[in-house]
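Colleague: Could you take a close look at chain A for me? I would like to hear how its fold is put together and how far the prediction can be trusted there.

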Amino acid sequence: MSNSVLIPYNKVPQYQLATVLLVGSEGLGKHGFGKCLIKNTWFYLQVRTATTLPLPVTSDSSRPRIDYICFLIDLTSRDSLKTVEESLKHVDVRYFLGKCCFVALKVKNPEKRAIFIEQIAQLSQQYKSDVLYGSFETEAESAFLAEQILKSVEIAAGLQKNKSPMFLECCRFPVAGEESAE
Amino acid sequence: MAPGETSTSTNRCMTTPQTFKSRLSHRFTPKRFTPYGRTPQSRRISTAVPTTRGRRKNVHTRTKSRSDSSSEAEDLKGFTNVTWRVYKLSPLYKFSSAPKDLKRYGQLLSSCVEAANQKGLFVENNVSGKALFCVQEGLKKTADDPDAIQILVKGKKGLGTVDTVILTATLCGVEMEGDLLVPDVKGHFTYYPVLLVKSTVAMTDVLITWLMRHFDCKISPLVFPPVYMAWMIAMWSGALANTNRKNKPVELVYQVPSECEGIKKITYTIEAADCLRVWNSIHDSKSDMFTEEEMSTFISSLEEHFYSLFRVKLNAMQLSCVGTSLCYIGRDGILKIYSAEHVSCILRHLTELSMEHFSLV
């Protein structure tokens with residue numbers, strides 16, 4: 001049972017290398033986006049893709065430590081939301097402290113939308129992670145998403161001096177003094 | 001650590017950010033990032049019986065409609081079994097429903113139809129038309145609703161000698177909640193959320209360009225994305241049109257993506273009675289509001305059943321048409337109502353959808 005959960009800190013980090021995992025149902029364009037990420041990166045990056053979690057146990061030893069997870073959701077298919085929700089159960093809690101994000105795709109066709117935008121917003125509030133909205137249709141759009149993700153990946157992999165993902169999480173919510181007023 | 005609590009509330013309460021938080025902490029609330037409006041988390045459904053059960057209005061409107069429920073069904077029968085195209089409108093400038101104004105509009109539209117006819121816009125020549133505007137009874141439910149207007153164009157088609165109705169259109173708004181117009185301009189504008197048209201494409205174009213030019217408004221087809229169609233089918237599969245007659249089965253038509261060769265669409269038909277059983281087990285029949293969770297449970301249960309039988313993932317495909325025993329709805333704004341009793345409830349829902357588009361601004 002413990003093998004089926006993806007844990008962030010159970011492996012030794014690789015020297016100067018970050019690893020991103022893209023999770024999303026088939027046909028979204030993960031491989032194309034992976035290439036786009038590698039093209040736009042300014043540090044050494046490895047991209048892995050998966051349709052669902054948990055990842056198969058047999059290849060666990062050859063797999064490097066996953067620094068960042070992107071959950072890709074297609075707004076025109078209810079199936080992608082369902083696979084993402086199932087995969088979320090197999091992710092260790094420490095990933096939600098700045099080491100993962102949700103990406104909502106195909107936002108430009110509101111007439112084909114099959115899930116409510118509020119469901120995505122609710123997911124992001126529930127798991128306290130960012131949502132990025134975009135699409136993979138043109139090069140420019142993929143590059144735009146890639147840049148935003150890479151900034152977070154760099155911090156999550158520890159490649160930026162004196163910055164950790166937990167640090168960024170502290171900036172997200174109000175300070176203790178204000179919270180007591182609620 | 002359990003993920004934080006979600007606010008899946010059953011009634012119409014939106015998650016409002018608290019007033020004490022500083023602006024910095026709003027950085028990650030979804031409201032800032034999305035330019036899209038919120039859809040309500042629950043919607044009102046009507047019950048099978050066309051009485052006023054389930055209306056949240058004041059007492060005086062309730063008594064007003066209760067007295068004509070049977071005659072109402074008669075009046076609205078003209079709406080049934082006709083394929084309408086649905087359009088949404090922006091407010092009409094200087095539109096009045098006084099009889100002499102309506103007569104004037106009729107004459108103007110007739111002359112426009114004549115001009116179009118002479119230009120040769122119609123495929124069948126000699127479509128001479130006379131337009132009539134009149135107030136439609138039975139659709140005005142509350143004091144807020146504007147008078148529903150019916151537009152008829154009668155003429156002779158081709159070389160026939162009999163006068164036939166070439167175009168039927170209805171401008172209406174049923175149970176509009178709240179006024180979207182700013183009070184100081186209210187005197188000049190009339191807001192009709194929904195326009196239903198039944199006619200050929202050329203005639204519809206003539207009517208729409210005339211309305212747009214004359215009243216300075218914008219008319220566009222009201223498309224139904226798969227989310228809204230899922231709402232409608234979830235809400236209305238539970239309402240049986242007529243308990244004596246055999247009800248039409250619930251039908252979902254899916255469009256297969258082009259990567260799969262050899263099959264273009266899938267039609268999924270379910271007996272109305274079985275659908276009702278699923279609906280009753282999901283939805284508490286006493287409550288009036290139908291929530292988002294119930295809707296997604298209903299749709300996902302139907303799709304999972306299909307998957308368990310045929311191993312075909314319907315939720316990865318697009319819903320293109322939806323049919324229940326009350327009505328049939330197509331994605332591009334096509335509507336066909338089968339039951340006269342539920343006309344006002346369906347029109348009420350369309351009014352709501354159209355007003356949501358408008359209130360995105």
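Modeller: In chain A, 79% of the contacts with a separation of 6 or more join residues that lie 24 or more positions apart; a contact here means heavy atoms within 4.5 Å. This is a predicted model, in which local features need pLDDT of at least 70, side-chain atom pairs count only at pLDDT 80 or more, and totals for chains, interfaces and linings use all residues. Residues are numbered from 1 along each chain as its sequence is written, chains are lettered from A and ligands numbered from 1 in the order in which they are written, and side-chain values use heavy atoms, with hydrogens and water left out.

Now to the elements. Chain A holds 6 helices and 5 strands, taken as DSSP runs numbered from the N terminus, with H or I and at least four residues for a helix, and E and at least two for a strand. Followed along the sequence, their order is β-α-β-β-α-β-α-β-α-α-α.

As for overall dimensions, the C-alpha trace of chain A spans about 50 × 45 × 35 Å along its principal axes. Its radius of gyration is 16 Å, which agrees with a compact globule, because 182 residues in such a globule would give a value near 16 Å. That radius is taken over C-alpha atoms, and the globule rule is 2.2 Å times the number of residues to the power 0.38.

Turning to burial and surface, 52% of the 182 residues of chain A count as buried, that is, under 20% relative accessible area with a 1.4 Å probe and protein chains only. Chain A exposes about 8900 Å², and carbon and sulfur atoms supply 55% of that area; the method is Shrake-Rupley with a 1.4 Å probe. On the charge side, chain A has 21 positive and 20 negative charges, whose mean positions are 6 Å apart. Lys and Arg count as positive and Asp and Glu as negative, while His and the chain ends are not counted; each charge is placed at NZ of Lys, CZ of Arg, CG of Asp or CD of Glu.

On your question of trust, pLDDT is the predictor's confidence in each residue, from 0 to 100. Chain A averages 84, and 93% of its residues score at least 70. Among its elements, strand E3 (residues 68-74) of chain A has the highest mean pLDDT, 92, and helix H6 (residues 176-179) of chain A the lowest, 53. Over residues 178-182 of chain A the pLDDT is below 50, and this stretch has 8 contacts in the model beyond near neighbours in sequence. The model as a whole scores ipTM 0.75 and pTM 0.74.

Note on methods
Buried means under 20% relative accessible area, exposed over 50%, partly exposed in between (1.4 Å probe, protein chains only).
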